[in-house]
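Trainee: I would like to learn how to read a helix in a model. Can we start with one and work outward?

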Amino acid sequence: MPIQYYIILAACLFCIGVAGVLTRRNAIIVFMCIELMLNAVNLMLVAFSKMHYAAAFATDNASTAGTDAQLFVFFIMVVAAAEVSVGLAIIVMMYRNIHSVDINFLNRLKN
Amino acid sequence: MSTSEILFWFLSVLALFSAIMVLVSKNPIHSVLWLIVVFFAISGHYLLLNAQFLAIVNIIVYAGAIMVLFLFVIMLMNLNKETEPSRNIWMKFSGVISGGLLLWIFVSATRSAGEIVGKTAMIKEGSIGLIENLGKVLFTQYALPFEISSVLFLSAMVGAVVIGKKQ
């Protein structure tokens, strides 16, 4: 597959995530759109990893070029899992305090 | 058109359609379910690129753990009613326009980039995405970041408990 197709696909997913963050008011859906953007970047990294490997494979049959990118994706997933647990705890605390998950009520630090 | 091309287009259309449905669904539970469909489509892409380890980890971590956490929070707060006050129509319009402009910049940068002309991503073959190769590198060259991520998880767990507990 030409690498351009993967770039366009990941860019579309990323921009759908950006549009979601800008248009929705529910904090949980905003958070889900951030996950969508992270996944678009992951897809891009894996596609570039295989592009790199395809170039190296042509000269060296036992090449392991592109392994780093896949490990980066693995670490992105690890960090995303930790981020989601803390973020959802913050959303639960916000719901407990102001009885809403509307991000328009998040305009003050006090209370 | 070969089978892998058909699969690529099918998974791409599925991912984009589900991603748009995440945005336009009124009910948060439907959004979560559509997001799970997106993650399965992306896992299908990983399988097509022969990154089998990442495909399985994506399903286990994202569709299995993170999305269950989202569903748990939505059901805990009883948010499954469609009463989200909608944003001003002009705010929605400007949000979509901003996303579209960003996409336009990405697409035109991709079209004018010289380095990627004629490059292809190898699909269906290549052994770098298998567990054997990734495990070897992860436990030798990347052993320190791997151990540090366990500290990250511990601190995230402690942070979630401290933030979530009642005063």
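Mentor: Start with α6(B), where Leu144(B), Val151(B) and Val161(B) are exposed (over 50% relative accessible area, 1.4 Å probe, protein chains only; buried is under 20%, partly exposed in between). The model is predicted, so local features need pLDDT of at least 70 and side-chain atom pairs 80 or more, while totals for chains, interfaces and linings use all residues. Residues are numbered from 1 along each chain as its sequence is written, chains are lettered from A in the order in which they are written, and side-chain values use heavy atoms, without hydrogens and water.

Trainee: Which residues of α6(B) are buried?

Mentor: In general, an α-helix has 3.6 residues a turn, so residues three or four places apart point the same way. Here the buried ones are Ser149(B), Ala156(B) and Ala160(B). Seen down the axis of α6(B), they fall within an arc of 30° (taken from the directions from the axis to the C-beta atoms), so they line one face of the helix. These buried residues pack against α3 of chain A (contact means heavy atoms within 4.5 Å).

Trainee: Where is Asn50(B), and what is its phi?

Mentor: Most residues other than glycine have a negative phi. Asn50(B) has a positive phi of about 60° although it is not a glycine. Its place is in the loop between α2 (28-48) and α3 (52-76) of chain B (helices are DSSP runs of H or I, at least four residues, numbered from the N terminus). Asn50(B) is buried, with a relative accessible area of 11%.

Note on methods
Helices (H or I, at least four residues) and strands (E, at least two) are DSSP runs, numbered from the N terminus.
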